[in-house]
Amino acid sequence: MVLEMLNPIHYNITSIVPEAMPAATMPVLLLTGLFLLVWNYEGTSSIPGPGYCMGIGPLISHGRFLWMGIGSACNYYNRVYGEFMRVWISGEETLIISKSSSMFHIMKHNHYSSRFGSKLGLQCIGMHEKGIIFNNNPELWKTTRPFFMKALSGPGLVRMVTVCAESLKTHLDRLEEVTNESGYVDVLTLLRRVMLDTSNTLFLRIPLDESAIVVKIQGYFDAWQALLIKPDIFFKISWLYKKYEKSVKDLKDAIEVLIAEKRRRISTEEKLEECMDFATELI
């Protein structure tokens, strides 16, 4: 008897639920949509770059840099978004600038000082609070920066054009040194040698083994690219970064030999003003 009385009530309730569902679900969906819109709006920017997409964008962005390396990832984003874009590295918005005029503006003004990069990674490659670019110590950066600005401006900049032209001509006359067995020229190695020769002529002026130094420089920048944004846990396992540490040490040892020779030459000069250059000023 009781079951018979409850049955109509049961059927009435079930018939009411489908009708009430749309009315109850609509405000929830609207609130959820509004929440997602606000969340995504916080991550939007007028600067081109990957979308925020509820936090997935920053994860993919940082993952791409870890997977491809800084140089390759930057090239990828350059192709997709242009010369000036915004990505995320370690959860922080980071601007990638490949436009020369924008870089000139940044290097010319002294209120740009913050740089990204893992502290342990920078320490491993010897750049923590020491480099001119990746230096999060503003006071030290402001102290060393004028030397670099002076080296890259004024008479040195005018002389650089002539030195570059002469170096390029010299290396083109020795093109067989960067030509493989198939007859193809390794243009990248050629340009690296020209840059090294030009830099040495302008800033150091010490005889060096160009081929060996270029290999060491490339090894150093491979280490820089691999270690700069690695998480701290990466540096808890020594065998993961041991080869990069060796590349850094190889270049450091080679540079110390050159600097020692530069110091020796400076100490034997009768008139220091006549041999003044970038390295001499730093020493």
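The following exercises, each with a worked solution, concern the predicted model of a protein chain.

**Exercise 1. Overall composition**

Determine how many helices and strands the protein chain has, and in which order the elements run.

Solution. Step 1: the count gives eleven helices and two strands. Step 2: reading from the N terminus, the order is α-α-α-β-β-α-α-α-α-α-α-α-α. Step 3: the protein chain has 283 residues, of which 28% count as buried. Step 4: consider the contacts between residues at least 6 apart in sequence; 55% of these join residues at least 24 apart.

**Exercise 2. The length of two helices**

Compare the end-to-end distance of helix α7 with the span expected at 1.5 Å a residue, and then do the same for α9.

Solution. Step 1: helix α7 covers residues 155-173, which makes 19 residues. Step 2: the expected span is 1.5 Å times one less than the number of residues, so α7 should span 27 Å. Step 3: the end C-alpha atoms of α7 are 28 Å apart, which agrees with the expectation. Step 4: α9 has 18 residues, and the expected value is 26 Å. Step 5: from its first C-alpha to its last, α9 reaches 26 Å.

**Exercise 3. The buried residues of α7 and α9**

Identify which residues of α7 are buried and which elements they pack against; then state which residues of α9 are buried and what covers them.

Solution. Step 1: in α7, the buried residues are V163, S167 and H171. Step 2: a general property of helices helps in reading such a list. An α-helix has 3.6 residues a turn, so residues three or four places apart point the same way. Step 3: the buried residues of α7 pack against α8 (187-204) and α9 (210-227). Step 4: in α9, the buried residues are E210, I213, V214, G219, Y220, A223, W224, A226 and L227. Step 5: the cover over these residues of α9 includes α3, α5, α7, α8 and α10.

**Exercise 4. The packing of α8 and α9**

Decide whether α8 and α9 are roughly parallel or roughly perpendicular to each other, and describe their contact.

Solution. Step 1: two packed helices are described by the angle between their axes and the distance between the axes. Step 2: the axes of α8 and α9 come within 10 Å and cross at roughly 105 degrees. Step 3: angles of 65 to 115 degrees count as roughly perpendicular, and α8 and α9 are therefore roughly perpendicular to each other. Step 4: α8 contributes R192, R193, L196 and D197 to the contact, and these meet E210, S211, I213, V214, I217 and Q218 of α9. Step 5: sorted by character, the residues of this contact comprise four nonpolar, two polar and four charged.

**Exercise 5. A residue in the loop between α8 and α9**

State what is notable about the phi of R205, and where R205 is placed.

Solution. Step 1: R205 belongs to the loop between α8 and α9. Step 2: most residues other than glycine have a negative phi. Step 3: R205 is not a glycine, yet its phi is positive, at about 60 degrees. Step 4: the relative accessible area of R205 is 36%, so R205 is partly exposed.

**Exercise 6. Two residues with polar contacts**

Establish whether R86 and S118 are buried or exposed, and name the polar partners of each.

Solution. Step 1: buried means under 20% relative accessible area. Step 2: R86, in strand β1 (residues 84-89), has 4% relative accessibility and therefore counts as buried. Step 3: a polar atom of the R86 side chain lies 2.9 Å from the backbone oxygen of P50. Step 4: the side chains of R86 and E93 are joined by a polar contact of 3.4 Å. Step 5: S118 is in the loop between α4 (100-108) and α5 (119-124); because its relative accessibility is 11%, S118 counts as buried. Step 6: the side chain of S118 reaches the backbone nitrogen of G121 at 3.1 Å. Step 7: leaving aside residues up to four places away in sequence, S118 touches L227, L228, I229, K230, D232 and F235.

**Exercise 7. The end of the chain**

Find which residues I283 touches, not counting residues up to four places away in sequence.

Solution. Step 1: I283 lies in the segment after α11 (278-282). Step 2: with a relative accessible area of 39%, I283 is partly exposed. Step 3: the contacts of I283 are with K262, R263 and I266, when residues up to four places away in sequence are not counted. Step 4: K262 is 21 residues from I283 in sequence, and their C-alpha atoms are 9.0 Å apart.

Conventions: Residues are numbered from 1 along each chain as its sequence is written. This is a predicted model: local features need pLDDT of at least 70, side-chain atom pairs count only at pLDDT 80 or more; totals for chains, interfaces and linings use all residues. Side-chain values use heavy atoms; hydrogens and water are left out. Helices (H or I, at least four residues) and strands (E, at least two) are DSSP runs, numbered from the N terminus. Buried means under 20% relative accessible area, exposed over 50%, partly exposed in between (1.4 Å probe, protein chains only). A polar contact is a pair of N or O atoms within 3.5 Å; within protein, one must be able to donate a hydrogen and the other to accept it, and residues adjacent in sequence count only if both atoms are side-chain atoms. Contact means heavy atoms within 4.5 Å. Axes are lines fitted to C-alpha atoms, for helices over the stretch in contact, and angles run from 0 to 180 degrees between N-to-C directions. Angles under 35 degrees count as roughly parallel, over 145 as roughly antiparallel, 65 to 115 as roughly perpendicular and the rest as oblique. Ala, Val, Leu, Ile, Met, Phe, Trp, Tyr, Cys and Pro count as nonpolar, Asp, Glu, Lys and Arg as charged, and the others, Gly among them, as polar.
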